[in-house]
Amino acid sequence: FQTTMERQVTLLIFLLSFGFVLGQVSYTIPEEMSKGSLVGNIAHDLGLQISRLKSGKARIFTRDSEEFVELNRERGVLLVKERIDREALCKQTTPCALHFQIILENPMEFYTVTIQVTDINDNPPIFGKREMKFKISESAVIGATFVLERAVDLDVGVNNLKSYNLKPTDNFALKLHNSADGNKNVEMVLQKPLDREKQEQINLVLTAVDGGEPQMSGTMQIVITVLDVNDNAPVFTQKTYKATVTENSPKGTVVATVTASDADEGSNSKITYSITNTFDNVRKMFKISEETGQISLIDDIDFEIARRFQINVLASDNGGLTDSSKLIVEIMDVNDNKPEIRIMSKSNVISENAKPDTVVTMINIEDLDSAENGLVKCFINENIPFILKSSSNNFYSLVTDSELDRERASEYNITVSCSDEGVPSLSSSVTLTLQISDVNDNAPVFERSSYEAYIVENNTPGLSIFTVKATDADWNQNARVSYILEDSSVNGVPVSSYVSVSADSGVIHAVRSFDYEQIKDFRFHVKAQDGGSPPLSSNVTVKILIQDQNDNPPQVLYPVQTGGSVVAEMVPRSAEVGYLVTKVVAVDVDSGQNAWLSYKLQKATDRALFEVGLQNGEIRTIRQVTDKDAVKQRLTVIVEDNGQPSRSATVIVNVAVADSFPEVLSEFTDSTHDKEYNDNLTFYLVLALAVVSFLFITCLVVIISVKIYRWRQSRILYHSSLPVIPYYPPRYSDTLGTGTLQHVYNYEVCRTTDSRKSDCKFGRAASQNVLVMDPSSTGTMQRMQGEKSILDEPDSPLEQKPPNNDWRFTQGQRPGPSGATGGPEVAMGTGPWPQPPTEAEQLQALMAAANVSEATATLGPGTMGLSTRYSPQFTLQHVPDYRQNVYIPGSTATLTSNPQQQQATAQQATQQALPPPQAAAQAEPPKAAQTPASKKKSTKKEKK
C-alpha cells in the first residue's frame, strides 16, 4: 500500500501542565481505497510503543457517528474501515480531509489525526438530459446561436470537466464561454444555411471530456428539426395538356386533370388551381377543382356550336408563387338527339292478386333524329314480374308477367330505357314507381317453433314471465296481431287460472303464485291471430318451468321426536374412537342445492365426546369413552340446507353411555319426570307473572282514572257559584216524635261477583258509629276494623226491627236550602219546611249525590256525612231515599267513631224532642214541579 500512498507526517508534541501529551499527525490517501488498506503506522509516527497502545486502551474518537478509519492496536497502524468517496464526503470542497482523535489512558493522552483524501477520476461528465430537441427554421441566418446544456463532473482538479466536442460539424460549430462562476457555457452556432428540402432532420452528438487518467466522457444527443419556408414555386408536370370530350356529355364529366408539385411542405406546399380565361365561354362550360386540378363539365356541349376549347390553368401556393399551363379540349360529334319517352297513362297501385297480362302503363316513344339514328328500341330492367309489349309504331304497354307477392316486394321501381341505333347510340329512360297493395294471404308466424320460460316459485301474482312474439308479413290491419290463450287444462285445472296473455303485446303474466313442490312445469298453447278479413292464425306451444326456491326447511326422519317418551341411543363404555352412535336422517322437499343438507352439532352435554358428519349426519365418538362420562348425553343437531337464505331444523338425540339397560332406564325415567315437572313449573310461573302484571297495570289505570274523574267533579262543585239546595221528598219527616219512619221505601240492590269491594257498607251489630252534628267538628270518619257488610252474609235473616233513637235530627240540624237559618219554629219542630228548591239547586244536589261513594269513603273538612247504628236485622226498606241529600258541600259536619263524641251526640238527640205527628204532617212542604233536567238526572240515578 505504501507504493500507492503518499504520506506526510508532522509530529508536534507539547508538554502540558495538566499531565497529558498533545500531538498531531497528518496523512494523505486517495479515495476509493479498499477496506483494510493501510493508512499509516500511527505508533511509529507518534513515537509510541505498541504496548502503550494496548495498556492505554487506545481508541479513535470522532465527532460524528460514521468512522472511515479504524485503529489496529496489535500492529499500531490505521486501516481503512469503510469505503471513502470524496464526492459524497466533501462534494466540490478542496482539500477534503478527515479529522479525528486518538485517546489513551493511564496517563490520559490524546493525539489529533488528519487524513487528507485526494480525488481520483472515478466520475465521468454527466448531462442533465440525454437528449435536447431544437426546431430551427431553414431561413435562420448564419451565426445564430443556440444554448446547450452543460455537463457536470463530480471530480475536482485535473479530473474535472475539461472540454466539449460536437459532431458532425457540417452546419453547426461549438462555442464555449467562461461564466462568472468559473464554469463554461456551451453554445451551438449556425455556420451553414439549412435546407429542409435536402435534410429535414439533423442529429448531432455533444461529448464532454474530463482531464483525468484514464480520461472519461459523457454524451448528449441533439435533434434538430428544420422548419419549412416557402422558397419553392409550384411546377406543372406539362406545359400543354390535351383532351377530348363527346358532345352532349353529362354535366360533371371529367375532361382532364392537371397536376403541379411544390417542393415545400405543410401549408407552403398546398397548391390551388384556377382557370384564367376571361373573354370566351370557357368558365361557363368548364370548372376546375381548386384542390385536385380536375376539370369537368358544368354545361352541355354541342358540337354544332363549338368544336374546340383552350383552357388556361394557373397553379399557386399560399406564399403567392405561381406557375401556368393550358389544356386543349377537342369536341367529338355524336348522335346527339336521344329518344323522348312520354307516359300516356299509368297506375300507381296494383293489387297483389292481379292476374297476369294486366296493363299497368302505356308509353309513347319519339326520336328527332333520322335514318338509323331515329330507330328506337325500348326495354325494362330484368328480374321483375313485368314485360314491355309493343302495341303499334312507337307505342308500348307495360303488363304483368307473373303473379305478384307484396311480401316479397311491396314496391317496384321499373326503369324503361330506349336507345337509337346511332353511333354512338343515344338512349333515355324513365323510372316508374308501382306500389303493390296488400291482401291478407299470410298467417302470423311466431319467432320460435316453441317457447320455454322459467319462473321462480312463490312469485307475485301478476308477474310478467316472458313475451311471445309473432310477426305477420302482411301490412297494416292485415298485419295487426292479437294473442289469445287457447283453452286447455293443467292437472284438471283451466290453464287460464295459471297464466294470462296480453292480447296486444303477447306478454304472459302469472295469475297465481306457483309452488315447485306441487307443479314443476306445464304446457299451453297461444294463438296469434291477425286483423284481416277473414283472419288468419297460428299456434305455438309454450312450456313454463317452475324453478325451485328454498321455501321448505329440512325434515328430520330419524330419530323420531316423540312427545311422551324418550328415545335414546346406547353407547357402551368400551366404545372406541369413531364408534357409530346413530345417524340423523333428514330430507328436504326442495330440489337442487336447496336440498343439499349439512349436519352440525349445535349443543352437546360433552362436545369433546361426539361429532356429527357434515354430509352424512353420522354421530360418532371422537375419543375413548371413560367411566367419568355422564350416562345421559343430550345432543342437539342442526340440519341446514344450502339455499339462500338457508333453512334449518334441529333434532335432539339422547345418548346413554352405559353397559346395561336398567341403568339407562332409571336414568332417563327420572330425567323425564324432572324435565316435565320443570317445564310445567316454568310455564305456570310465566303465566302467573303475566297475569299479575296485567292486573297490576289494569288496577293502576283504573285508580288513576277514578282519581282524575273525582278530582274534576270536586273542582266543578267548588268553582260553581250556584247555591247547593238539596231536594227532599215530601215524606221526609219523623212522625209522632218516635224516631221511626212511617212511610216505607223499597229499594232493589243488584250485586256482582265483586260486591265485596263495593262502596255500599252496612254496620254490624254492636257498631258504635253515631252521627255527630256538631258544626265545629272537623274530624273524619274512620272505618272500624271489624266492619263487615251484611250482604256478605247470605244466610242472615232479613227481619225488620225498629230503628234506634240515634236516627233523629233536630229541625236545626236537618239540611235545608243554602243560606237558610233555623228560626224558633224550626228549633221546636213546628215551623214549615223551606220552599221547594229551584231547578239550579236540584242540579247541584244531583251532582253532589253522584259523589256519595266518595263521601262514604273519606270525608274532609267542610262536608257532612251519614252513618247508621242499627241492629243486624235492619233492612233497606226502612231507609229513606238519600240519593239526593247525603253529600252537601259547605257543611262542616263529619262522621267520627270517637266514643265521647258519640255519647254527647246521643244526649243532645235525647233532649231535643220532635214535634207531634200532626204538626209534622201539617208542616209538609208542597211538591215542587220537576223540570226536564231534574227528571233526566233522576232517571239516571234510578238506573244506577
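A search of the whole structure, which is a predicted model, finds 13 aromatic pairs. One of the pairs is formed by Phe146 and Phe172, whose rings meet edge-to-face, with 6.2 Å from centre to centre and 70° between the planes. Phe146 belongs to strand S11 (residues 145–148) and Phe172 to strand S14 (residues 172–178), so this pair ties together parts of the chain that are 26 residues apart in sequence. Phe146 has a relative accessibility of 17% and therefore counts as buried, because the cut-off for a buried residue is under 20%. Phe172, at 1% relative accessibility, likewise counts as buried.

Aromatic rings also take part in a cluster, in which ring pairs link Tyr498, Phe514, Phe522 and Phe524. A member of this cluster, Tyr498, has Arg512 lying over its face, at 4.3 Å from the ring centre. A charged side chain is also placed over the ring of Tyr516, where Lys520 lies over the face at 4.9 Å from the ring centre.

Attention now turns to charged pairs. Side chains of opposite charge can pair when their charged atoms come close. In the predicted model, the count comes to 24 salt bridges. Among them is the salt bridge between Lys35 and Glu82, in which the closest N and O atoms are 3.7 Å apart. This pair links distant parts of the chain, 47 residues apart, since Lys35 is found in the loop between strand S2 (21–30) and strand S3 (38–40), while Glu82 is found in the loop between strand S6 (77–80) and helix H3 (86–90). Lys35 is exposed, with a relative accessible area of 59%, whereas Glu82, at 33% relative accessibility, counts as partly exposed.

Arg59 and Glu105 form another salt bridge, with 3.2 Å between the closest N and O atoms. Here too the pair links distant parts of the chain, 46 residues apart: Arg59 lies in strand S4 (residues 59–61), and Glu105 lies in the loop between strand S7 (96–104) and strand S8 (109–118). Arg59 counts as partly exposed at 41% relative accessibility, and Glu105 counts as partly exposed at 23%.

A further salt bridge joins Arg620 to Glu618, where the closest N and O atoms are 2.9 Å apart; Arg620 has a relative accessibility of 29% and counts as partly exposed. Salt bridges that share partners also join Arg196, Glu197, Asp228 and Glu265 into one network.

Conventions. Residues are numbered from 1 along each chain as its sequence is written. This is a predicted model: local features need pLDDT of at least 70, side-chain atom pairs count only at pLDDT 80 or more; totals for chains, interfaces and linings use all residues. Side-chain values use heavy atoms; hydrogens and water are left out. Rings of Phe, Tyr and Trp (its six-membered ring) pair if their centres lie within 6.5 Å; planes under 30 degrees apart count as stacked, over 60 as edge-to-face and the rest as tilted. Helices (H or I, at least four residues) and strands (E, at least two) are DSSP runs, numbered from the N terminus. Buried means under 20% relative accessible area, exposed over 50%, partly exposed in between (1.4 Å probe, protein chains only). A charge sits over a ring if NZ of Lys or CZ of Arg is within 6 Å of the ring centre and within 35 degrees of the ring normal. A salt bridge is a side-chain nitrogen of Lys or Arg within 4 Å of a carboxyl oxygen of Asp or Glu.
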